[in-house]
2 protein chains.
Amino acid sequence: MERRNTPTKEAVLELLVKSGEAMSRDTIEQKITQNINRATIYRVLNRFCEDGVVHKIVAEDGKQYFAVCANCDDKVLSGHHFHFRCIECETIECLPVSVNFSVPNGYQVASVNCVLSGTCKDCSR
Amino acid sequence: MERRNTPTKEAVLELLVKSGEAMSRDTIEQKITQNINRATIYRVLNRFCEDGVVHKIVAEDGKQYFAVCANCDDKVLSGHHFHFRCIECETIECLPVSVNFSVPNGYQVASVNCVLSGTCKDCSR
DNA sequence: TAGTTATTGCGAAATAATCGCATTTATATG
DNA sequence: CATATAAATGCGATTATTTCGCAATAACTA
């Protein structure tokens, strides 16, 4: 299964990179000028996740959000950082704060999904 | 809005207390002998959450899970502890591991939803 | 330029959670 | 103990998110 470049993929990735925040399929569909089918957006995003280009966050609303974050380059934070969901402006962003924990004996952690909710720096004033 | 005691509420709460793990509406409905409507279960659970008797976790599958955990009595861990979701046995439990973080200036955290996924101590062997 | 197959669009389907409304029932009160 | 009030429930419909199957399209290779 080799990957091919398509306008759709480029548009979605560019949007995520430029915005710098995590977005839902819904938001992505709205913000992209061209018409892209919803199922396609999900497929593109899931493929990005498989390839490690994008990471997925499931927020407290049960929805999936996708992000390309700069911090993911840092080995320290890769994958294991906190996300912040603002109750007011509804944005979700990657925080440059790593998740630290030590689980009881016998447990093996494969993935981490941590979301903090509240008011972000812009909405706090 | 005063709360009233009903067999339904008692059954749901007893199940959650005895099992000690976090359960979805689905599982609760299955494990309870008597017939309870699905909408009712959600309403009962949400009321428990409002009253602070139960806490809600949203896992990576986007579903809501509800738990009464012993650790919640500890002031240190109340609300801010990690949850563990086993990929194999599908159970979700509260870990006695508190979530520590310091957010950037200006952010105000209201709630925390942290779920670690992997294999639990029973499934790791 | 042609062939292979990854990708897309479309509609349907699966799943989770909520809502409106009529009915039931727990609780307080006379 | 009977009764009134409103909380709680059951039922069906509804909303929302995500996925799936299949046919059509288009990217890449040779």
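This tour moves from the two protein chains to the surface around DNA strand D in a predicted model.

**Chains A and B.** Begin by selecting both protein chains. Chain B is superposed on chain A by a rotation of 180° with 0.0 Å of shift along the axis, and the RMSD is 0.0 Å. The two copies are thus related as by a two-fold rotation axis. Next, display the contact residues of each chain: 100% of those in chain B recur in chain A, so the same surface serves both copies.

**The surroundings of DNA strand D.** Select DNA strand D together with the protein residues within 4 Å of the strand. This selection brings up 23 residues, and the closest are A:Asn5, A:Tyr42, A:Gln64, B:Arg4 and B:Thr6. Of the strand D atoms that come within 4 Å of the protein, 67% belong to sugar and phosphate. Colouring the surrounding residues by class shows 9 charged, 8 polar and 6 nonpolar residues.

**Helix α3 in each chain.** Now select residues 38–51 of chain A and 38–51 of chain B, the α3 helices. Each of these two helices supplies at least two residues of the surface near DNA strand D.

**Individual polar contacts.** Which part of DNA strand D lies 2.9 Å from a polar side-chain atom of A:Arg4? Selecting A:Arg4 shows that the partner is a base nitrogen. Turn then to B:Arg4, where a polar backbone atom is 2.9 Å from a phosphate oxygen of the strand. Finally, select B:Glu2: one of its backbone N or O atoms lies 3.0 Å from a sugar or linking oxygen of DNA strand D.

Terms used
Residues are numbered from 1 along each chain as its sequence is written. Chains are lettered from A and ligands numbered from 1 in the order in which they are written. This is a predicted model: local features need pLDDT of at least 70, side-chain atom pairs count only at pLDDT 80 or more; totals for chains, interfaces and linings use all residues. Side-chain values use heavy atoms; hydrogens and water are left out. Copies are superposed by least squares on the C-alpha atoms of residues with pLDDT of at least 70 in both. Contact means heavy atoms within 4.5 Å. A polar contact is a pair of N or O atoms within 3.5 Å; within protein, one must be able to donate a hydrogen and the other to accept it, and residues adjacent in sequence count only if both atoms are side-chain atoms. Helices (H or I, at least four residues) and strands (E, at least two) are DSSP runs, numbered from the N terminus. Ala, Val, Leu, Ile, Met, Phe, Trp, Tyr, Cys and Pro count as nonpolar, Asp, Glu, Lys and Arg as charged, and the others, Gly among them, as polar.
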